[in-house]
Amino acid sequence: MFEKALKGNRAYWIWVAVLVLLAGAGVHGYRVQGAEGLASTGMGVGAVWGIYNAQLPFLAGLAASALFILVPERLMKQTGLSAAAPLSAFLAAVASAMSLLFLAAGFGMPSRIPTLFVNLSPSAPVSWYAPALLLYLLLSLGAGWSLLGARRKGTTPPRWLRALVVVAVPVGLALPVIAAFMLAVMPTHGLWTSAMLAPRILVSGLAAGMGLLLVMVVAMRRSAGAEEGRELAGRLSGYTAMAGLASLCFVGLDAGTAFLGNLPSETYALRLLYSDMAREALPVAYVPFAGLPSVLLASGAVSVLLLFLPAVRRGNLLPALAGLLIAVSAWFDRGPGLILAGQATPGGGEVYAPALPDMLVTIGIWAGGALLLTALLKVTLSVRRERGMA
Amino acid sequence: MNEERRTFMKKAGLGLMAGFGAAAIASSPLFERVAASAWAAAPKRPGTRWGMVIDTRRCREGCSACVDACRLSHNVPTFSDPRRRVEWIHREEGRALLGSACATQKLLPALCNHCEEPSCVRSCPTDSIFRRRDGIVAVDYHRCIGCRSCMLGCPYGEVSFNWSDPRPAITEPTPDYPTRQQGVVEKCNFCSDRLKRGLQPSCSSRCPEGAMTFGDLNDPDSAVRRLLASSDSMRRKPELGTEPKVYYII
């Protein structure tokens, strides 16, 4: 079935070439980092975790979001979601694969990665992360592939797929919980020790996942002219709006607790993100981006509001754009905003900003993820077209 | 039962409850005088428990004998960039170290507290950082994958990471202790290598003023326990419940 990803028009191959180029730049960045050590990155004392670990909570939530499509579709006979089921499974698989790569990229001793599986330390939440990600990657990839295979043959998906989805539920839900708990063992970082962390990762991942699915469904409808109904897009818009609203409420709850309780560590991190303070703390080259967190938060909030308007939901491009903006906003909120600002301490000097190698590796892993997703979507699209013609 | 009698019983009952409540509060441990040594009052685990008491009254201004001794005896690299620094023991201002209750402006020695409930150990995914039977928190340099979770887990910032190859940055190498490599963490080991040879830790043995006392906290006759009994002491961030085993006498 994979050979379908190897047939495409000019635009497809240009897109693939660009992604391969970016992934190659990432490999180069990783080689520099391997030779010179993590000293070549922007990390150091005061910013022990950088942009690699900053992707992990968001991707964990994104991976878990597939359950909210797969469970109703497979276990509750919600056939209206059938077209979105393989897409969401593939999105989860890509998010898990990227998480594993980002986890590995940040290790000072990559040659000892097998140690992570051999010397498990059950009392440490991080220890559960790599095995859970690997298992979830296999489960979601298997689910998507078998859904697609059944669709190609025009048969009903195999019965064991239901069992697979049942197994995927605890594994998938564990991902945001582990991502939150591996931060909770670090007691002096106020932003990381909230019990809201796991629900926030899950809900913002859900908003992002549904938003990205919306983009994919709209894109496929345009490029394939496939029968993907307006109904599916409408349903996904509704899910995105609700999850986005819940996520915004959680942002407010955490911020309210921090400022009402005047919690020093939390309020410092939030001020660093959303006030002018970042201008002084950031390295000079990054000062123009000091307002980025506020812009992303606002754009996410406006997009959620827009998706609640029936006139917007009936549109074609606007809901997709709103879905994309919500995903980007969720990425910053549960990614760099959480990990990088969470580490900053008053009087801790300059805050973290990526240097060239870690920037390249991060772009490279994202490009690799996009490449994998592109190939999987291409196969999905071809299968759908074939069935459409038959 | 008439109405008056009813209200009387009600009020008497309330009064009685209030009295018991006050008695309970007065006898609660919140209002007890805190023992000089939190350790002696409630030893966590039996057996040897290595600890250290630093008498900062003896600590001389401008002296760095303990830091220098540590660097020499354990091949600790010296990096000029503060963002890449590696140190097992360093000097920090008293207020930054022990909080606003400590008024001293002096630079005091700060090292791994070898906590009884170490959060670095809880955050290590591969058990590379672990608590030994004698309470020393040690690092296995050959198992560490360099994920740096322990550095974020440590509330005291006492774990260092080799951001680049440490070997060229060792000023005077010694064959007594192995060097480390790029990509692993390291920290104070309470000189477990010297303890095995019957020696005291290098920092405390080289202190010209005898300000650092090392010993078994579970032994009531040890020098550390006698010192703790004689004066009030402080620990770093005791409110976190990590039970540090390095005490400071101010």
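The legends below describe close-up views of a predicted model with chains A and B.

**View 1. Strand β9 of chain B and its parallel neighbour β1.**
Strand β9 of chain B spans residues 246–249, and strand β1 of chain B, residues 50–55, runs parallel to β9(B) and is joined to it by 4 bridges. One of the residues to look for in β1(B) is Ile54(B), whose bridge partner in β9(B) is Tyr248(B). In a regular strand the side chains alternate between the two faces of the sheet. In β9(B), Val246(B) and Tyr248(B) lie on one side while Tyr247(B) and Ile249(B) lie on the other, and as these four residues are all buried, both faces of the strand are covered.

**View 2. Three salt bridges in chain B.**
A search of the whole structure finds 17 salt bridges over all chains, and this view shows three in chain B, including the pair formed by Lys245(B) and Glu116(B), whose closest N and O atoms are 2.5 Å apart. This pair links distant parts of the chain, since Lys245(B) sits in the loop between α9 (223–230) and β9 of chain B, whereas Glu116(B) sits in the loop between β3 (107–111) and α5 (119–123) of chain B, 129 residues away. Lys245(B) is buried, with a relative accessible area of 0%, and Glu116(B) is likewise counted as buried at 0% relative accessibility.
Arg57(B) forms a salt bridge with Asp55(B), with the closest N and O atoms 2.9 Å apart; here Arg57(B) is exposed, at a relative accessible area of 52%, while Asp55(B) is buried, at 6%. In the salt bridge between Arg85(B) and Glu87(B), the closest N and O atoms are 2.9 Å apart, and Arg85(B) is partly exposed with a relative accessible area of 35%, while Glu87(B) counts as buried at 15% relative accessibility.

**View 3. Helix α2 of chain A within its surroundings.**
Helix α2 of chain A covers residues 56–65, and because 10 of its 10 residues are buried, the helix is largely enclosed by the rest of the structure. Among these buried residues are Leu56(A), Pro57(A), Phe58(A), Leu59(A) and Leu62(A), together with Gly61(A) and Ser65(A). Ala63(A) and Ala64(A) are also buried residues of α2(A), and both are touched by Tyr136(A).

**View 4. Tyr136(A) and the largest nonpolar core.**
In soluble globular proteins, nonpolar side chains tend to be buried together. The largest nonpolar core in this model has 160 residues, and those with the most contacts inside it are Tyr129(A), Tyr136(A) and Met52(B). Helix α4 of chain A, residues 85–105, contributes the largest share of this core, 15 residues. Leaving aside residues up to four places away in sequence, Tyr136(A) touches residues that include Ala66(A), Leu67(A), Ala92(A), Ser96(A), Ala168(A), Val171(A), Gly172(A) and Leu175(A).

**View 5. Helix α10 of chain A and the second core.**
Helix α10 of chain A runs over residues 264–274, and its buried residues are Glu266(A), Thr267(A), Tyr268(A), Ala269(A), Leu270(A), Leu272(A) and Leu273(A). The buried residues of α10(A) pack against several other helices of chain A, namely α9 (230–260), α11 (277–281), α12 (292–307), α14 (317–334) and α15 (336–343).

**View 6. The interface between chain A and chain B.**
The contact between the two chains takes 36 residues from chain A and 33 residues from chain B, and the area buried between them is about 2900 Å², of which carbon and sulfur atoms give 57%. On the side of chain A, Val45(A), Val48(A) and Arg112(A) lose the most area to chain B, together accounting for 22% of what that side buries. The search rule finds 0 salt bridges across this interface, but it does find 21 residue pairs in polar contact, both residues being at pLDDT 80 or more. Helices α1 (10–36), α5 (113–118) and α6 (126–153) of chain A each supply at least two residues of the side that touches chain B, and α1(A) gives the largest share of that side, 3 residues.

How values were computed
Residues numbered from 1 in each chain as written. Chains lettered and ligands numbered in written order. Predicted model: local features only at pLDDT ≥ 70, side-chain atom pairs only at ≥ 80, totals over all residues. Heavy atoms only, no water. Buried < 20%, exposed > 50% of the residue type's maximum accessible area, 1.4 Å probe, protein only. Pairing = 2+ DSSP bridges. Core = buried A, V, L, I, M, F, W, Y, C linked by side-chain atoms within 4.5 Å. Contact = heavy atoms within 4.5 Å. Buried area = accessible area lost by both parts, 1.4 Å probe. Salt bridge = Lys/Arg side-chain N within 4 Å of Asp/Glu carboxyl O. Polar contact = N/O pair within 3.5 Å; in protein donor to acceptor, adjacent residues only side chain to side chain.
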